[in-house]
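Please walk through this protein structure one part at a time. The sequence and the 3D model are shown below, and the text then follows individual residues, helices, sheets and cores.

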Amino acid sequence: MFYYLWKKNTLKKFSTLRDKIIALRKKTKLLTEEQLQKKFAYYRQRVRRMPKKGREKSLDKYLVPVFALVREVIKRKTGLFLFPTQIFGGIVLHYGNIAQMNTGEGKTLTAFLPICLNALLGRTVFVITVNEYLAQRDWSLAKPILDFFQISSGVNLTNISTEEKKRLYNDCTVIYTTGSELGFDYLRNNLVTNIEDKKKQDYYYAIADEIDSLFIDECTNPLIISQRVQGENVISPAEYQLATKLANALVEKKDYKVDQKEREVWLTQKGIKKCDKFWQIDNLFAFKNHRYNFLLHNALKVKHFYFKGIDYIADREEQKLVLIDALTGRLVPNRVYSSGIHQAIESKENLPVSIKSKTIATITYQNFFRLFDKLSGMTGTAASEADEFRQVYGMEVIAIPPYRKLIRQDRNDLVFWDKKSKYDYIIKLIKKNQKTVRQPILIGSPSVEVSEHLSSLLKKENIPHNLLNAVNHKQEAEIIAKAGQIGTITISTNMAGRGTDIILDLEFLLFNLKFVAEKLRDIDTDEAKKVREKINEFLKWCSEHKEETKKVREKINEFLRDLRGKKYTKKVQVVIDKFVKGLGVLGIERNTTRRADNQLRGRAGRQGDSGESQFFVSLEDEMLKNFGVKEQVGKFFNQKQLKELFHKPLSGKIFNYLISEPQETLRNVHASNRQYHLNYDLLINRQRQFIYNYRDKLLKTDDLTKIIKKKSSAKKGEIVSIEQEYLKARLVKEIDNFWSEYLESLNKIRTLVNVRAYLPQEPQEAFFWETINSFQQGFRQLSSRLGDIAYQ
């Protein structure tokens with residue numbers, strides 16, 4: 001009840017603010033550019049004169065006039081006028097919440113409003129995108145507006161130099177970046193050995209585009225900086241290759257068993273004997289032979305659970321392994337598998353095996369973004385995770401209705417018995433489309449492997465198409481630009497699900513209107529004749545003004561909205577509903593999350609356009625196979641009944657449930673997993689902050705005796721008389737070595753507390769106490785070592 005009242009009052013407050021901003025348009029449009037700049041400078045001056053404690057709060061007072069100024073400047077610089085829904089979205093973002101806005105609603109421009117308002121403080125505002133291409137694109141769009149208001153800005157890319165990064169962080173108020181690069185910069189900043197090399201760290205405000213991708217899907221993936229391990233315990237590449245050879249020689253079910261659902265393998269007695277003989281050892285499970293057990297276990301896991309084209313690609317040119325993000329389908333070159341899995345895959349794919357490294361700095365997205373004073377974000381699909389956003393990040397998800405009514409048709413899934421019948425149906429559907437309406441179609445695939453398979457089927461049928469996946473990602477911009485053209489078939493992994501906007505081609509829109517007019521000829525009524533004449537008259541106007549592309553596009557959109565908005569008799573209505581087309585979205589399989597499905601659907605029907613979406617599911621699809629759906633259906637029907645039941649694809653709400661239940665189960669599993677990781681990481685985060693603060697104090701101090709205490713008060717001693725900066729570098733290296741060794745020990749502690757099931761505590765509670773004791777003991781030893789180095 002309390003939450004309902006809070007939300008009602010908040011929305012009412014935001015609506016009032018929006019209306020006030022819109023009302024100021026009459027005044028702001030009369031101002032010259034110089035007057036707009038002076039007003040903004042005046043508000044900046046007023047805010048910065050406020051006491052430091054009240055500055056952030058004072059921004060609320062200037063929200064209405066500043067938003068009105070920014071809205072006007074956006075109109076003058078880009079020619080685009082922000083809709084009331086975008087203004088509302090900007091208010092939601094400023095107050096530290098998540099604006100859920102559909103595709104094509106202008107989220108990029110919406111962010112300019114809170115960016116400019118919060119820039120008044122002079123503190124850093126970060127705009128976080130899902131990849132560097134979007135960071136560069138969005139910054140290029142924002143730069144004219146930011147420059148107009150004299151707000152310094154830049155884009156943070158992986159390939160810029162250390163000096164450029166330092167300049168960027170120290171001089172820029174607004175920084176466009178990816179989440180990973182920002183996180184790695186934080187870790188690198190806390191590894192410097194000279195205070196002058198440290199960049200400004202002002203984590204005031206972050207606006208995350210596609211926030212659910214970063215804060216939910218990616219949040220448990222740790223950002224890790226590592227270095228090579230040296231010593232006799234390092235496993236050599238030859239040992240990984242021997243383990244791969246043994247894994248390939250073992251026979252499933254005879255030598256070992258596989259549990260696909262739990263993603264686990266274990267050896268049979270026969271398999272254990274084979275391994276002992278291969279390694280020439282007495283007992284594979286003896287402690288002295290643990291490395292052989294470790295190597296074989298990983299080799300079997302990568303054989304059955306990690307697949308080329310789904311989880312990674314083998315880059316033969318660069319001779320390295322590149323992982324594929326399971327949710328976006330994009331390559332993630334900086335990510336590696338831990339616990340020897342990465343090296344096992346390299347061996348499996350005959351790539352040079354990299355030497356296992358040790359972690360020297362790490363942080364999860366969950367804890368990194370908690371460093372910010374204020375967070376907000378935008379996405380089209382956050383409602384299903386609203387509780388998690390509220391509990392973990394303290395942000396509310398506020399759904400903003402589209403400016404124009406969404407008229408996309410989301411059809412029920414079509415369910416097939418096997419993959420062959422599903423693919424046959426899809427090919428038949430595409431062939432029919434190419435001969436009739438020539439609708440542009442985006443086909444969404446859950447993996448590189450599935451997209452490549454469908455592409456090969458289309459090639460056999462000589463159907464032209466474009467393929468976009470992690471293998472040919474370099475052509476992404478070009479492929480997406482063509483995806484809205486007449487008759488274009490685009491097959492894509494989830495790469496096309498985020499940050500992309502597919503615009504329908506003018507040629508297709510005109511062809512579609514002609515096609516509808518032709519279909520109306522078959523209806524012998526006065527109403528059909530009037531509608532047909534109206535379409536033909538409009539097409540004639542378009543032909544006369546074909547040089548004015550922008551104007552023609554605007555008029556076509558208006559005409560289509562008018563055409564679809566009217567009520568007709570049944571026969572005419574059927575033609576309008578069936579043949580007035582937009583982008584068609586076909587899903588080859590359901591994704592593991594409903595959000596990923598909705599992101600794919602969201603490519604169609606932007607800004608009130610026509611569009612349709614449909615998923616094609618077979619009971620042999622990977623997700624349903626893991627949940628045994630096909631076997632469950634087979635228990636209720638005999639072969640004859642099944643053949644009769646699936647003689648054509650099944651559709652309806654009851655069959656949608658077949659899909660939604662496994663998705664919901666997986667959603668809950670993933671949510672529990674994220675909470676599990678967060679609980680473990682919270683304590684480590686406190687320790688990380690302690691170490692980094694201690695490190696900073698040491699680098700900043702002019703008097704080391706205030707920080708480094710003597711080992712014993714009985715002994716006299718003075719700070720070693722060597723160059724101070726060199727001594728500080730030695731001391732912080734010692735701190736870094738301690739932290740690295742401590743991070744390595746955490747995995748052992750976590751494994752230990754899970755094995756010790758007989759303890760009265762829960763594993764997380766046991767981990768808590770074990771970790772505290774380990775850290776305190778280690779830090780006492782570190783303090784002693786620092787004293788030995790610093791004092792004679």
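Threonine 85 is found in helix H5, which covers residues 84-94. Is threonine 85 buried or exposed? Its relative accessible area is 13%. Buried means under 20% relative accessible area, so threonine 85 counts as buried. Setting aside residues up to four places away in sequence, threonine 85 touches Met101, Glu105, Ile400, Pro401, Pro402 and Tyr403. All of this is read from a predicted model, not from an experiment.

Helix H4, made of residues 55-78, has a bend of about 60° at tyrosine 62. A proline, proline 65, follows that tyrosine within four residues. Just after H4 comes glycine 79, which takes a positive phi of about 80°.

Now turn to the sheets. One open sheet has seven strands, in the order S3-S4-S2-S5-S13-S1-S14, and its pairing is parallel. Which strands stand at the edges? They are strand S3 (153-155) and strand S14 (397-399), each of which pairs on one side only. From one strand to the next, the twist averages 20°. Inside this sheet, strand S2 (residues 125-129) and strand S5 (residues 205-209) run parallel and are joined by four bridges. One pair to look for is isoleucine 128 with its bridge partner in S5, alanine 208.

Another open sheet has three strands in the order S9-S10-S11, and here the pairing is antiparallel. Its edges are strand S9 (312-315) and strand S11 (331-332); each has a single partner strand, so one side of each is left without a neighbour in the sheet. S9 is joined to strand S10 (residues 320-324) by four bridges, and the two run antiparallel. Isoleucine 313 has valine 322 in S10 as its bridge partner.

A helix lies across part of this sheet. Helix H15 (residues 341-348) crosses S9 and S10, and runs at about 115° to S10. How many of the residues of H15 are buried? Seven of its eight residues are, which leaves the helix mostly covered. The buried residues are Ile341, His342, Gln343, Ala344, Ile345, Glu346 and Ser347. They pack against S9 and S10, and also against helix H12 (237-249) and helix H14 (290-305). After H15 comes asparagine 350, whose phi is positive, near 55°.

Further along the chain is strand S17, residues 441-444. Ile441 and Ile443 point one way from this strand, while Leu442 and Gly444 point the other way, and all are buried. What does S17 pair with? Strand S19 (residues 489-492) pairs with S17 in the parallel sense over four bridges. Strand S20 (residues 583-587) also pairs with S17 in the parallel sense, over four bridges. Isoleucine 443 shows both pairings: it stands opposite isoleucine 491 in S19 and opposite leucine 586 in S20.

Isoleucine 463 is found in a loop, between helix H19 (448-460) and strand S18 (466-468). Its relative accessibility is 8%, so isoleucine 463 counts as buried. Apart from residues up to four places away in sequence, isoleucine 463 touches Ile430, Lys431 and Leu458. For a sense of distance, compare aspartate 202, which is 261 residues from isoleucine 463 along the chain; the C-alpha atoms of the two are separated by 53 Å.

Last come the nonpolar cores. The largest nonpolar core has 67 residues, and those with the most contacts inside it are Phe126, Leu187, Phe215, Phe369, Phe372, Phe389 and Ile708. Which helix gives the most to this core? Helix H30 (residues 724-755) does, with ten residues. The core draws at least three residues from each of domain 1 (8-225 + 366-399) and domain 5 (667-791). Within this core, Ile708 is a useful residue to follow. Leaving out its neighbours within four places in sequence, isoleucine 708 is in contact with Tyr694, Leu698, Leu731, Leu786, Gly787, Ala790 and Tyr791. A second core, separate from this one, has 57 residues, including Leu63, Ala68, Val92 and Phe148.

Notes. Residues are numbered from 1 along each chain as its sequence is written. This is a predicted model: local features need pLDDT of at least 70, side-chain atom pairs count only at pLDDT 80 or more; totals for chains, interfaces and linings use all residues. Side-chain values use heavy atoms; hydrogens and water are left out. A nonpolar core is a set of buried Ala, Val, Leu, Ile, Met, Phe, Trp, Tyr and Cys residues joined through side-chain atoms within 4.5 Å. Buried means under 20% relative accessible area, exposed over 50%, partly exposed in between (1.4 Å probe, protein chains only). Domain bounds come from an automatic or database domain assignment. Contact means heavy atoms within 4.5 Å. Two strands pair if DSSP finds at least two bridges between them. Axes are lines fitted to C-alpha atoms, for helices over the stretch in contact, and angles run from 0 to 180 degrees between N-to-C directions. The bend at a residue is the angle between axes fitted to the seven residues ending there and the seven starting there.
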